[in-house]
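Student: I should like to take a close look at one buried side chain and its surroundings. Please describe that part in detail and then place it within the whole chain.

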Amino acid sequence: MPHPSGSRNESSPVEGLDSSVSADETKARRVASTDVDAPSRASGRPAAPGSRRARREAERAAARAATTGNPDSTSSTGTASTAAAATVTAEPVAASTVTAEPVAAEQTITAGSAASPEPKQSKAGRNLPAAIGVGAGLLAALGLGLFVFPYLLIALGCLVAGIGSWEVSRALKARTGIPIPLAPLLITSLALPLLAGLYGPVALSLGLTACLLLVVLWNMLEGRSHGPQSIGLSLLVVGWVPLLASFAFLIFQSERGASALLTVVLLVVSNDTFGYIVGATLGKHPMAARISPKKSWEGFAGSVLGASLVGIALCLWVLRIPWWLGLVLAVATVICATLGDFAESMVKRALGVKDMSNLLPGHGGMMDRLDSLLFAMPFGYAVVMLAEALG
């Protein structure tokens, strides 16, 4: 068809195809150039000098340098999409390099902490050297009060009873949310051991009555909404700690005095020691798995056997009483001490605590040492009175 201007402007199909391909290639190069130059513009750096091809070559070289050792990233395809993919792929590699630093630091910290020696733990979950040291110190203080300074023994008893009352009242308050007045408990912890140690059982009975009235009146005067519950918990603390501890001072006031009290204490220590040794080596059958899973019948048998030998020896050569009384005292002490340990374990499980406090390293709190002693003292006092009655 003739052109309106009169001149022919016919193009061959091949030429039209070439021009179409050239247009598409030019468009693709512009898009690739835009994609390649985007990181440069985003980072604020000036574009590389030269043609678009030179810029693409520079981007591909940078990508190969960032991903050295990756065959896929080092292959040159001559397209901008490959360079962009290589650039994107390089980012996780760098991220993994950065991530490796905290891992190495963590490994270094772990190795450093592993290098520091930890305290030796026993099978009972205690720091055994600390437990032995604290136990030896308590026995030394007891011996000093028994045979050198009797008033020191009474002062230590009042202090121990006060700490035990504080531990129990604090644990009960933390669990129940019921406030327990501490002042009447501390007064009771001071008064009952002092009366028992200086004036005997009659004074202890009168002092106990007065202290119970003090606890009730104190709670009533405070006018709290949980008054009856607070009174009940306070009476529990008084009967558990100061009252049972006062029987130790009744034993101290007996005819055999210091020797009798030391015998009961050593029987309790023998119960714990032989029970631990036998239970840790041979224990397979728990006595009460829900209350104290680590106490076994084998350990209990070891406690009875070991304490019986110690009790007979002490009664024959220290107390000068018949051997069978030593056997009765030993067996009764083991039973009472075990019941005391179970009683505190039940309370601690109900309160959701492992130890009453952390005052004594390797033992826990003061009540964690007094639990078996407190329950053994009343029966020990009964046996001592029986021995005195028999002459």
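**A serine and its setting**

Tutor: In this predicted model, a polar atom of the S345 side chain lies 2.9 Å from the backbone oxygen of D341. S345 belongs to helix α13. With a relative accessible area of 10%, S345 falls under the 20% limit and therefore counts as buried. Once residues up to four places away in sequence are set aside, S345 touches I291 and S292.

Helix α13 covers residues 323–351, and the loop between α12 (297–319) and α13 contains R320. R320 has a relative accessibility of 62%, over the 50% limit, and so is classed as exposed. The phi angle of R320 is near 60°, a positive value in a residue other than glycine.

An unreviewed UniProt entry annotates residues 299–319 and 325–343 as "transmembrane region", and its other spans under that name are 148–166, 178–196, 202–221, 233–252, 258–278 and 373–390. Two of these spans may be compared with the model. Residues 258–278 are 100% helix and 0% strand, with end C-alpha atoms 30 Å apart. Residues 148–166 are 89% helix and 0% strand, and there the end C-alpha atoms are separated by 29 Å.

The span 258–278 also leads to the nonpolar interior. L261 is one of the residues that touch the most other members of the largest nonpolar core, together with W240, I251 and M367; this core has 50 residues. Apart from neighbours within four places in sequence, L261 is in contact with L146, L153, A248, I251, F252 and M377. A separate core comprises six residues, including L267, A307, A330 and V334.

M377, a contact of L261, also marks a bend of about 35° in helix α14, and the proline P378 follows within four residues. Helix α14 runs over residues 367–390, 24 residues in total; at 1.5 Å a residue it should span 34 Å, and because its end C-alpha atoms are 34 Å apart, the expected and modelled values agree.

For the chain as a whole, the secondary structure amounts to 14 helices and two strands. Of its 391 residues, 36% count as buried. Among contacts between residues at least 6 apart in sequence, 66% join residues at least 24 apart. S345 is thus one buried residue in a helix of this chain.

How values were computed. Residues are numbered from 1 along each chain as its sequence is written. This is a predicted model: local features need pLDDT of at least 70, side-chain atom pairs count only at pLDDT 80 or more; totals for chains, interfaces and linings use all residues. Side-chain values use heavy atoms; hydrogens and water are left out. The expected span of a helix is 1.5 Å times one less than its number of residues. The bend at a residue is the angle between axes fitted to the seven residues ending there and the seven starting there. Buried means under 20% relative accessible area, exposed over 50%, partly exposed in between (1.4 Å probe, protein chains only). A polar contact is a pair of N or O atoms within 3.5 Å; within protein, one must be able to donate a hydrogen and the other to accept it, and residues adjacent in sequence count only if both atoms are side-chain atoms. Contact means heavy atoms within 4.5 Å. UniProt positions are given in the numbering used here, feature names are shortened, and annotations may be inferred rather than shown by experiment. A nonpolar core is a set of buried Ala, Val, Leu, Ile, Met, Phe, Trp, Tyr and Cys residues joined through side-chain atoms within 4.5 Å.
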